Amino acid sequence: MIAQNAKTSKEQSQTADTFGFKWSKRDTYESEAFKARTEQWLLERYCGGDRPKLAAMLGEGRKVILDAGCGASYSALLLFGDLLAQHEYIGVDISSSVEVAAKRFKEHGFEGRFMQNDLMHIDIPDESVDMIFSEGVLHHTDSVEEAVGSLSHKLKIGGHFLFYVYVKKSPVREYTDDYIREQLTPMDNEQAWEALESLTKLGKTLGDLNTTIDIPEDVSLLGIPKGKIDIQRLFYWHICKMFYDKNMDIGEMNHINFDWFRPLNCIRSTPEQVRAYCDQAGLDIEHMDIQNSGITVVAVKR
């Protein structure tokens, strides 16, 4: 393992602590229901549900995949699957979760190289990587723009950069989410996890109602569009993040809420900003998927 870089900011140190804690709680993300949902989500956004498209991006021969912010290598194992046996995998994370990642890789029968390091200071040569994968990570750095630029230096010309970042939400939810994040700041991780459980249970109560309402016209002042919407989704997208999935238990749903609320760094970007970051980093966007939750990009280094 490589020690955490001494230049790490206070916010990044808190991020490291947060995700080291989160990924250590394996019982909150290892169920078949959780994995199936995540795998489907990843495949739809990055390759239209067609995993062979991912293999085509990598091309022939043994390639180098850099998982920038690997966590427990959860997303990489689900998205790449057996492709990981054909290529060299490097997992880098600022947190101690790399230890969990190394263990999980071994359990799946794959080999990988793991580093605990700030993403801005990865000790690998420039233009040495064929693909960078960064699922839900860059928004937890001090600057999405700087992270995209710094990581792109590691990518070979013609290499692919796959990443997902949070998108700006409706104004009430932007306010509420930041308010909750502020309330959690003085707590330790266990306290924050427990504090979020009541919110998670409220999300479940709303979801279990299985009730749809019809909003008669756009509420432009609040960013709420007209049309039919499940009451839980109305709260989730426009008032406060309270994740719900009928196939998950409270611990699994709390895992997702904790992931959102606990890190001090939680940057939301607009599609225009993401396009500008890519252009400045010498990346041509091949595919951009924009959803209420975030922006998925598949780009090529020119």
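Rings of Phe, Tyr and Trp, the last taken by its six-membered ring, pair if their centres lie within 6.5 Å. In this predicted model, Trp23, Tyr29, Phe34 and Tyr74 form one aromatic cluster, and a search of the whole structure finds 20 aromatic pairs. The fold includes an open sheet of seven strands with mixed pairing. The points below cover the sheet, one of its strands, one helix, and the aromatic and cation contacts.

**Sheet layout**
- The strand order in the open sheet is 3-2-1-4-5-9-8.
- Strand 3 (113-116) and strand 8 (283-290) stand at the edges; each has a single partner strand, so one side of each lacks a neighbour in the sheet.
- From one strand to the next, the twist averages 15 degrees.
- Strands of a sheet pair through backbone hydrogen bonds, in either a parallel or an antiparallel sense.
- Edge strand 3 pairs with strand 2 (residues 88-93) in the parallel sense, over four bridges.
- In that pairing, Gly91 stands opposite Phe114 of strand 3.

**Strand 4 and its neighbours**
- Strand 4 (residues 129-135) has seven of its seven residues buried, so the rest of the structure largely encloses it.
- On one side, strand 1 (residues 64-68) runs parallel to strand 4 and is joined to it by three bridges.
- Leu66 has Ile132 of strand 4 as its bridge partner.
- Strand 5 (residues 155-166) also pairs with strand 4 in the parallel sense, here over six bridges.
- Glu135 stands opposite Tyr164 in strand 5.
- Between strand 4 and strand 5 the chain passes through helix 6 (residues 144-152), and this β-α-β crossover is right-handed.

**Helix 2**
- Helix 2 (residues 32-47) has 16 residues, which at 1.5 Å a residue should span 22 Å; the end C-alpha atoms are 22 Å apart, so the expected and modelled spans agree.
- Buried residues of helix 2 are Phe34, Lys35, Thr38, Leu42, Leu43, Arg45, Tyr46 and Cys47.
- Phe34 is also a member of the aromatic cluster with Trp23, Tyr29 and Tyr74.
- Gly48, just after helix 2, takes a positive phi of about 60 degrees.

**Aromatic pairs**
- A pair of aromatic rings is described by the distance of the centres and the angle of the planes.
- The search of the whole structure gives 20 such pairs.
- Tyr164 and Tyr166 have ring centres 6.4 Å apart and planes at 85 degrees; the angle is over the 60-degree cut-off, so the pair is edge-to-face.
- Tyr164 has a relative accessible area of 6%, which is under 20%, so Tyr164 is buried.
- Tyr166, with a relative accessible area of 7%, is buried.
- Tyr236 and Trp237 form another edge-to-face pair, at 4.7 Å centre to centre and 75 degrees between the planes.
- Tyr236 is buried at a relative accessible area of 6%, and Trp237 counts as buried at 16%.

**Charges over rings**
- Lys25 lies over the face of Trp193, at 4.6 Å from the ring centre.
- Arg173 lies over the face of Trp260, at 5.0 Å from the ring centre.

Technical notes:
Residues are numbered from 1 along each chain as its sequence is written. This is a predicted model: local features need pLDDT of at least 70, side-chain atom pairs count only at pLDDT 80 or more; totals for chains, interfaces and linings use all residues. Side-chain values use heavy atoms; hydrogens and water are left out. Rings of Phe, Tyr and Trp (its six-membered ring) pair if their centres lie within 6.5 Å; planes under 30 degrees apart count as stacked, over 60 as edge-to-face and the rest as tilted. Buried means under 20% relative accessible area, exposed over 50%, partly exposed in between (1.4 Å probe, protein chains only). A charge sits over a ring if NZ of Lys or CZ of Arg is within 6 Å of the ring centre and within 35 degrees of the ring normal. Helices (H or I, at least four residues) and strands (E, at least two) are DSSP runs, numbered from the N terminus. The expected span of a helix is 1.5 Å times one less than its number of residues. Two strands pair if DSSP finds at least two bridges between them. A crossover is right-handed if, with the strands pointing away from the viewer, the path from the first strand over the helix to the second runs clockwise. Axes are lines fitted to C-alpha atoms, for helices over the stretch in contact, and angles run from 0 to 180 degrees between N-to-C directions.
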